[in-house]
Amino acid sequence: MPGLHARMAVRRGDFTGAVVARCAAEVPFYGELPRRTLEGEVTRSITAVHDLLLRALREDGVMGPGELTRLIEWSGRRAEERVPLEAVIAAYLIGAEVWWQALSETAEPEELTGAGAKLLACLHAAMPAVVLAHRNAQEDIHSEDKRVRRALLTALLAGQPYVELAEAARVTVAGGHEVVALAFESSPPSRLVQSSLEALAGVPVLMDHVAGIALLPGSCDLSGLPDSLGKDVGQSVFAAAAPAVGPAAVPAAAAEAGRVLELVQRLGRPPGLYRLDDVLLEYQLARPGDALLRLAAKLDPLADHPYLLETLRVFVDHGHNRRRTASELCIHRNTLDYRLHRVSTLTGLDLTVPAEARLLQAALVATDLT
């Protein structure tokens with residue numbers, strides 16, 4: 001179609017201007033670009049696609065290996081520039097619409113069917129190549145991003161220099177953070193955990209999925225984390241959090257969160273979110289030494305009376321409330337009073353004396369820990 005090719009060639013500027021204007025108006029990504037970028041790189045790319053469409057009108061084939069290679073190169077470059085794939089596809093479709101409109105205004109009736117068929121053939125050849133090239137480039141970029149982010153988190157946890165890594169990862173680490181240690185019943189897909197945490201935080205989250213350590217913004221409300229993350233991964237979640245006032249405090253916060261997580265699991269606590277204040281007494285008692293063993297030994301006289309140990313545990317768990325304890329154990333109040341009296345007699349610690357009652361409660365924790 002040499003005649004149509006010549007007539008469409010003179011409309012090159014009109015075509016490019018119309019596509020750029022519609023992309024800026026209809027596609028959010030392009031609408032946020034600076035004017036100089038639209039008039040520069042974007043305009044050059046659209047002009048190049050226009051030239052490919054023109055060549056298709058002039059030649060018998062549609063798109064040969066050379067043209068597809070150029071499209072693949074452009075798509076990879078767009079991915080490297082962080083252009084979303086959906087924006088790229090939208091731009092191609094807008095270009096096709098504008099090209100068809102120009103064809104409708106320029107082609108003779110007998111030329112229009114053939115020109116339309118060539119446009120569809122070009123789209124059929126180009127779109128799969130564009131999508132595949134863009135996705136391959138994105139996968140390479142994501143792999144590199146993940147590597148850099150892992151290196152950044154490793155540096156922060158170790159107290160090593162992190163500024164250059166943060167710049168490479170395009171992650172802001174200045175300010176406060178919440179360091180969260182996580183444990184699951186079974187290993188969920190890491191991508192699912194990552195997506196859930198980032199939805200909660202609203203920003204990219206640094207996470208070591210092997211160690212189960214995540215770094216979230218200090219402003220993030222973690223109260224709903226176990227429920228939201230548990231729902232997303234389909235299982236119960238144990239989480240321990242510790243604040244870090246800045247990057248330098250991250251190693252200590254990570255160590256604290258890890259110890260709290262280990263402690264609540266050793267104590268058989270239910271899934272949920274824990275902080276140091278939730279297990280302050282237990283945390284202190286967990287320090288190894290003779291004192292812990294001697295404290296646990298306070299309950300040795302109950303070793304042959306497991307029902308008395310169970311009664312004491314339920315009594316303590318219910319805040320020394322006798323009615324609730326008796327109801328939990330399905331026994332009469334008189335039976336409960338008898339059992340508690342036996343506990344006091346055997347251990348030599350009187351539950352009616354606050355100091356001795358606290359000692360018995362601590363002895364229960366020490367028994368669980370040893």
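These exercises walk you through a predicted model, each with a worked solution.

Local features are given where pLDDT is at least 70, side-chain atom pairs count only at pLDDT 80 or more, and totals for chains, interfaces and linings use all residues. Residues are numbered from 1 along each chain as its sequence is written, and side-chain values use heavy atoms, with hydrogens and water left out.

**Exercise 1: the sheet**

Find the order of the strands in the open sheet, and name its edge strands.

Solution. Start with two terms. Helices (H or I, at least four residues) and strands (E, at least two) are DSSP runs, numbered from the N terminus. Two strands pair if DSSP finds at least two bridges between them.

Step 1: Follow the pairing across the open sheet, and you read E2-E3-E1-E4-E5, five strands with mixed pairing.

Step 2: Look for strands that pair on one side only; these edge strands are E2 (206-208) and E5 (272-274).

Step 3: Check the twist. Neighbouring strands are turned by 25° against each other on average, direction ignored. Such angles run from 0 to 180 degrees between N-to-C directions, with axes fitted as lines to C-alpha atoms (for helices, over the stretch in contact).

Step 4: Zoom in on one pairing. Strand E4 (residues 237-244) and E5 are parallel, joined over three bridges; Ala240 has Tyr274 in E5 as its bridge partner.

**Exercise 2: helices on the sheet**

Work out which strands helix H11 touches.

Solution. Contact means heavy atoms within 4.5 Å.

Step 1: Helix H11 (residues 250-266) packs on the sheet and touches E1 (177-184), E3, E4 and E5. Its direction makes about 150° with that of E4.

Step 2: Now turn to helix H7 (residues 109-158), which lies across E2 and E3 (213-217) and runs at about 80° to E2.

Step 3: Pick out Leu123, a residue of H7. Leaving aside residues up to four places away in sequence, Leu123 touches Ala96 and Pro128.

**Exercise 3: two pockets**

Describe the lining of the largest pocket and of the second largest pocket by residue class.

Solution. On a 1 Å grid over the protein atoms alone, a pocket is an open set of points with protein on both sides within 12 Å along at least five of seven lines, for a 1.4 Å probe; lining residues have an atom within 4 Å of a point. A volume is the space filled by probe spheres set on the points, which are joined across faces, edges and corners. Ala, Val, Leu, Ile, Met, Phe, Trp, Tyr, Cys and Pro count as nonpolar, Asp, Glu, Lys and Arg as charged, and the others, Gly among them, as polar.

Step 1: The largest pocket holds about 740 Å³ of space. Among its 23 lining residues, those closest to the centre are His142, Lys146, Arg149, Arg191 and Gln194.

Step 2: H7 gives the most to this lining, nine residues. Sorted by class, the lining of the largest pocket has 11 charged, seven polar and five nonpolar residues.

Step 3: The second largest pocket has a volume of about 510 Å³. Its lining has 30 residues, with Ser45, Ile46, Val49, Ala91 and Tyr92 nearest the centre.

Step 4: Here H4 gives the most, eight residues, and the classes are 23 nonpolar, four polar and three charged.

**Exercise 4: an aromatic pair**

Explain why the pair Phe15 and Trp99 is edge-to-face.

Solution. Rings of Phe, Tyr and Trp (its six-membered ring) pair if their centres lie within 6.5 Å; planes under 30 degrees apart count as stacked, over 60 as edge-to-face and the rest as tilted.

Step 1: This rule gives two aromatic pairs.

Step 2: In the pair Phe15 and Trp99, the ring centres are 5.7 Å apart and the planes stand at 90°, so the pair is edge-to-face.

Step 3: Phe15 belongs to helix H2 and Trp99 to helix H6, so the pair ties together parts 84 residues apart in sequence.
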